[in-house]
Amino acid sequence: HVVICQYRSILDTIVSLIDHQDDKQKSMVNLFAPFSHCYWEQLSYEEKLNNIIDNYLPWHISYLQGWIIASETINVKWLHYNDVILDPKKSFNQIFSKFNISSPDFVEIPKSKSNFNKGISGRGKKIIPKSMQERITEKILRADKLNQNLINYL
């Protein structure tokens with residue numbers, strides 16, 4: 001078995017999650033701040049960032065740590081979001097080739113049928129203020145007690 005773990009920049013994930021929460025149809029579901037739909041629209045962008053940093057980021061860090069630990073004993077194939085978006089066939093060939101299987105032809109799914117947001121790489125670094133990026137970096141560094149180089153996922 002191969003476990004596929006797709007990841008993307010934590011900063012990009014944070015701005016994407018804010019976009020998701022800003023979408024009124026989706027904002028009712030937020031596992032990280034379950035009652036945020038009662039107050040989300042009243043928050044400034046900075047308050048939204050703080051909410052995500054306080055409620056979502058610790059979970060994200062633990063999720064990464066768990067898969068990094070799991071990859072020590074099971075076959076985990078790490079795929080960066082950008083690589084999959086730019087060349088999905090190449091990304092999946094890396095997995096299928098281990099089993100002497102060529103990856104199937106891809107059928108493009110219309111964006112109207114997907115949950116695709118903006119998917120723009122580097123948006124987090126541009127949008128999130130430097131002071132907040134420093135706060136995020138600090139949280140990641142403090143959480144990296146197992147020396148897993150979690151900062152590489154920033």
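Here is a chat about how a few labels in this predicted model are earned.

Biologist: Let's start with aromatic rings. How many aromatic pairs does a search of the whole structure find?

Modeller: Five aromatic pairs turn up. One of them is Y7 with W78.

Biologist: What makes the pair of Y7 and W78 edge-to-face?

Modeller: Two values do the job. The ring centres are 5.9 Å apart, and pairing asks for centres within 6.5 Å, so the rings count as a pair. Their planes stand at 70 degrees, and over 60 counts as edge-to-face, so that's the label.

Biologist: And where do Y7 and W78 sit in the chain?

Modeller: Y7 is in strand β1 (residues 3-7) and W78 is in strand β2 (residues 76-80), so to speak 71 residues apart, and the pair links distant parts of the chain. Ring pairs also link Y7, W78 and Y153 into a cluster.

Biologist: Why is the pair of W59 and Y63 called stacked?

Modeller: Check the angle. Their planes are at 25 degrees, and under 30 degrees counts as stacked. The centres are 5.1 Å apart, which fits the limit of within 6.5 Å. W59 and Y63 are four residues apart in helix α3 (residues 57-70), so they are separated by about one helical turn.

Biologist: Now charges. How do you know that D22 and K48 form a salt bridge?

Modeller: The N to O distance is 2.7 Å. The cut-off is within 4 Å, so the pair qualifies. D22 belongs to helix α1 (residues 10-22) and K48 to helix α2 (residues 45-55), 26 residues apart.

Biologist: Is K48 buried or exposed?

Modeller: K48 is buried: its relative accessibility is 10%, and buried means under 20%. Its partner D22, at 35%, counts as partly exposed.

Biologist: What makes D54 and R135 a salt bridge?

Modeller: Same kind of check: the closest N and O atoms are 2.3 Å apart, and the limit is within 4 Å. D54 lies in helix α2 and R135 in helix α7 (residues 130-143), 81 residues apart.

Biologist: What about R8 and the ring of Y81?

Modeller: The charged end of R8 sits over that ring, 4.4 Å from its centre. The distance limit there is within 6 Å.

Biologist: Last one: why is K98 called exposed?

Modeller: K98 has a relative accessible area of 51%, and exposed means over 50%, so K98 makes the cut. You'll find K98 in the loop between α5 (88-96) and α6 (123-127).

Methods. Residues numbered from 1 in each chain as written. Predicted model: local features only at pLDDT ≥ 70, side-chain atom pairs only at ≥ 80, totals over all residues. Heavy atoms only, no water. Helix = DSSP H or I, 4+ residues; strand = E, 2+ residues; numbered from the N terminus. Buried < 20%, exposed > 50% of the residue type's maximum accessible area, 1.4 Å probe, protein only. Phe/Tyr/Trp six-rings, centres within 6.5 Å; stacked < 30°, edge-to-face > 60°. Lys NZ or Arg CZ within 6 Å of the ring centre and 35° of its normal. Salt bridge = Lys/Arg side-chain N within 4 Å of Asp/Glu carboxyl O.
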